[in-house]
Amino acid sequence: MLATNKTYINHDFSNQDLKDMHFKQCDFYRCDFNRADLTDVKFNECNFVEQGIDDGCRFDYANLRDASFKGCRLSMSSFIGANCLGIEFRECDLKGANFSQARFENQISRNTYFCSAYITGCNLSYANFAGVRIEKCDLFENRWSGANLQGASLTNSDLSRSEFSEDAWEQFQMQGCDLTHTELNGLNIRRVRLDGVKICDWQQEQLLDSLGVIVLPS
């Protein structure tokens, strides 16, 4: 079912079955999606925060498996404990969003799992991703400035052309990541594991600078 150009204010979607719904250019102000089933739902060019209001919508413990958000404003939204396996955020504003305890992985057994997420071209400034696992995923061209990545694992993900705060590098695991064309200011190679990380030739100078090594042109 397609809903276009609709406005929802203080609407309670909690615990509802919204599977396969498609919302286009809709406004959701102070809406509650907590524990809703949003499997395969599509949001295109939708607003989830009202101008001048600090609170976004709530998706706490919602089922967002394979949900898609494209060109949406989701700043200050809450995704606490949500099932985000296969979720897609493309060119979205997620500034200050809270993904605490959100799950981007499918746990097959105690020690076996795989992750799935597509988060690209998004503003993730000051978002909370503490402790989450988003491994082997497309996470390129995002702005992570001021984001809380403490204890997060982004190993083997594509982080190319992204922007990080200088104090972010020691917060999360990045082994095997693609960091090409990402500014590496503040990354100290003596304090961060970089096994399998991919970088461009010009980024070597930034990494060696933390060791006091001066790279001269050949």
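These legends describe close-up views of a predicted model.

**View 1. Six strands form an open, parallel sheet.** The strand order is 1-3-5-6-7-10. Strand 1 (2-4) lies at one edge and strand 10 (117-120) at the other. Each of these two edge strands pairs on one side only. Neighbouring strands of the sheet are turned by 5° against each other on average, direction ignored.

**View 2. Strand 6 pairs with strand 7.** Strand 6 covers residues 68-70, and strand 7 covers residues 87-90. Three bridges link the two strands in the parallel sense. Phe69 has Phe89 in strand 7 as its bridge partner. Both strands belong to the six-stranded open sheet, where 6 and 7 stand between 5 and 10 in the order.

**View 3. Arg133 sits in a loop.** The loop runs between strand 10 and helix 1 (204-209). Arg133 counts as partly exposed because its relative accessibility is 25%, and that class lies between the cut-offs of 20% and 50%. Ala67 is 66 residues away from Arg133 in sequence. In space, the C-alpha atoms of Arg133 and Ala67 are 18 Å apart.

**View 4. The side chain of Arg133 makes polar contacts with Glu105 and Gln107.** The polar contact with the Glu105 side chain is 3.3 Å. The one with the Gln107 side chain is 3.0 Å. Leaving aside neighbours within four places in sequence, Arg133 is in contact with Phe104, Glu105, Gln107, Tyr113, Cys115 and Ser153.

Conventions:
Residues are numbered from 1 along each chain as its sequence is written. This is a predicted model: local features need pLDDT of at least 70, side-chain atom pairs count only at pLDDT 80 or more; totals for chains, interfaces and linings use all residues. Side-chain values use heavy atoms; hydrogens and water are left out. Two strands pair if DSSP finds at least two bridges between them. Helices (H or I, at least four residues) and strands (E, at least two) are DSSP runs, numbered from the N terminus. Axes are lines fitted to C-alpha atoms, for helices over the stretch in contact, and angles run from 0 to 180 degrees between N-to-C directions. Buried means under 20% relative accessible area, exposed over 50%, partly exposed in between (1.4 Å probe, protein chains only). Contact means heavy atoms within 4.5 Å. A polar contact is a pair of N or O atoms within 3.5 Å; within protein, one must be able to donate a hydrogen and the other to accept it, and residues adjacent in sequence count only if both atoms are side-chain atoms.
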